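Biologist: I am new to this one, and I would like to look at it with you. Shall we go through it together?

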Amino acid sequence: MIERLIRDNIRKLEAYASARSEFKGKASVFLDANENAMGSPAGDNLNRYPDPLQTSLKQIVSDLKRVPEACIFLGNGSDEPIDLLFRMFCKPGQDNVIQLTPTYGMYQVAAGINDVAIRNVPLQDDFSMDALKVLTAADADTKLIFICSPNNPTGNLMDRKQVELLLKRFKGLVVVDEAYIDFAAPGASVADLLHKYERLVVLQTFSKAWGMAGLRIGMALASPVLVAIMNKVKAPYNIGTLAQEYAIRALRNQKWIHSWTRETIAQRQMLYLALGRLPFVIKVFPSEANFLLVKVVDAQQLYDYLLARGIVVRNRATVKGCEGCLRITVGSLEENEQLLLALESYSKQSL
Ligand SMILES: *Cc1c(COP(=O)(O)O)cnc(C)c1O
């Protein structure tokens, strides 16, 4: 039972009843929320508080993800649910969580903010996960295990059987961060396991393939019990009116997304091959995301060289497990060509 895992103070918490969540039904005169009835200099309707539960947007997301609305939490980016999970499940100074390294930096930051210890379990040499190794790192105070799939910065998917093994054996929550899932092969998501495991949380976002990083909308897909508690703990108006409206508009106009994603995947494959042919490249790691992790002879030197030509990539050389590596996002056709031209001139001067 998930309730047993939740911190006592959160279980007992009475949610803040905002004016807009208390009122249900039809009305035309709103004198309940101390808003400015004269209007807003920012634009129509922006004098009003947003829908705290994002009802209209959630209906569209529900159709898109084929997940019931009760199983969807929408947050200010998917970084919001990461922080909420810590606050809901981990007693500061006592509990711990596990992450599989190298991985996304926010789990560590959220753990630090919440004064929760983080245990690092290194991925295997090919960046795959060993569920049994993860289980031996867990104890009675381990509340969350973060699995990033496709993993940032390595780009690989985690094996679904290994994830299921954790769900079967580990008593806490298994959080699978699928920020890059739209770039992976169809069927790679573990969201279909939600109906089977109450302790599974799947994080997805509109920031990457969906091209809405500036709107700040991410989601947690989870059991209705868990979603209800997340809604209780979140800031009442966590997603602004404009972000909700723009996201609704974008999701009704999806035609570009699928062809952009296909093109990104094709460009990823082109870059994978082209990078692999460069003399200073030691290894290009296979990727199911919109970036490639590349191990080179001198990462800092190459990073500086590219920067001097106005091309910024992510230097991961000091990250444990990523020694000598740069993480390069797949750009537009023109950007990728610019990158390859710069890399070719680098290889001429470095030889
Ligand atoms: C980018 C990213 C996120 C996302 O972010 P939001 O913009 O907050 O939705 C989450 N997880 C991983 C692994 C990422 O790389």
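Modeller: Happily; here are some questions and answers about the ligand site, a helix pair and some backbone features. Please keep in mind that this is a predicted model.

Biologist: Which residues come nearest to the ligand?

Modeller: The ligand has 13 residues around it. By class, that shell holds 4 nonpolar, 5 polar and 4 charged residues. The ones that come nearest are D177, Y180, T205, S207 and K208.

Biologist: Which residue has a polar side-chain atom 2.7 Å from a nitrogen atom of the ligand?

Modeller: Let's go through the contacts by atom. With S78, a backbone N or O atom lies 2.7 Å from an oxygen atom of the ligand. With K208, an N or O atom in the side chain is 3.2 Å from an oxygen atom of the ligand. The residue whose polar side-chain atom lies 2.7 Å from a ligand nitrogen is D177.

Biologist: How much of the ligand's accessible area does the protein cover?

Modeller: On its own, the ligand has 390 Å² of accessible area. The share of this that the protein covers is 94%.

Biologist: Are helix 5 and helix 9 roughly parallel or roughly perpendicular to each other?

Modeller: Helix 5 spans residues 79-89 and helix 9 spans residues 224-233, with their axes 10 Å apart. They pack at an angle of about 95 degrees. Angles of 65 to 115 degrees count as roughly perpendicular, so helix 5 and helix 9 are roughly perpendicular.

Biologist: What classes of residue make up the contact of helix 5 with helix 9?

Modeller: From helix 5 come P81, L84, L85, R87, M88 and F89, which meet L226, I229, M230 and V233 in helix 9. Sorted by class, these residues are 9 nonpolar, no polar and 1 charged.

Biologist: Where are the cis peptide bonds at P150 and P153 found?

Modeller: Most peptide bonds are trans. The bond joining S149 and P150 is cis, with omega about -5 degrees, and the one from N152 to P153 is cis too, with omega near 15 degrees. Both P150 and P153 lie in the loop between strand 4 and helix 8.

Biologist: Which residue has a positive phi although it is not a glycine?

Modeller: Most residues other than glycine have a negative phi. The residue in question sits in the loop between helix 4 (55-65) and strand 1 (72-75). Its phi is about 50 degrees, and it is R66.

Definitions and conventions
Residues numbered from 1 in each chain as written. Predicted model: local features only at pLDDT ≥ 70, side-chain atom pairs only at ≥ 80, totals over all residues. Heavy atoms only, no water. Near = heavy atom within 4 Å. Polar contact = N/O pair within 3.5 Å; in protein donor to acceptor, adjacent residues only side chain to side chain. Areas by Shrake-Rupley, 256 points an atom, 1.4 Å probe, with all protein chains shown as cover. Nonpolar A, V, L, I, M, F, W, Y, C, P; charged D, E, K, R; others polar. Axes fitted to C-alpha atoms, helices over the stretch in contact; angles between N-to-C directions. Helix = DSSP H or I, 4+ residues; strand = E, 2+ residues; numbered from the N terminus. Parallel < 35°, antiparallel > 145°, perpendicular 65-115°, else oblique. Contact = heavy atoms within 4.5 Å.
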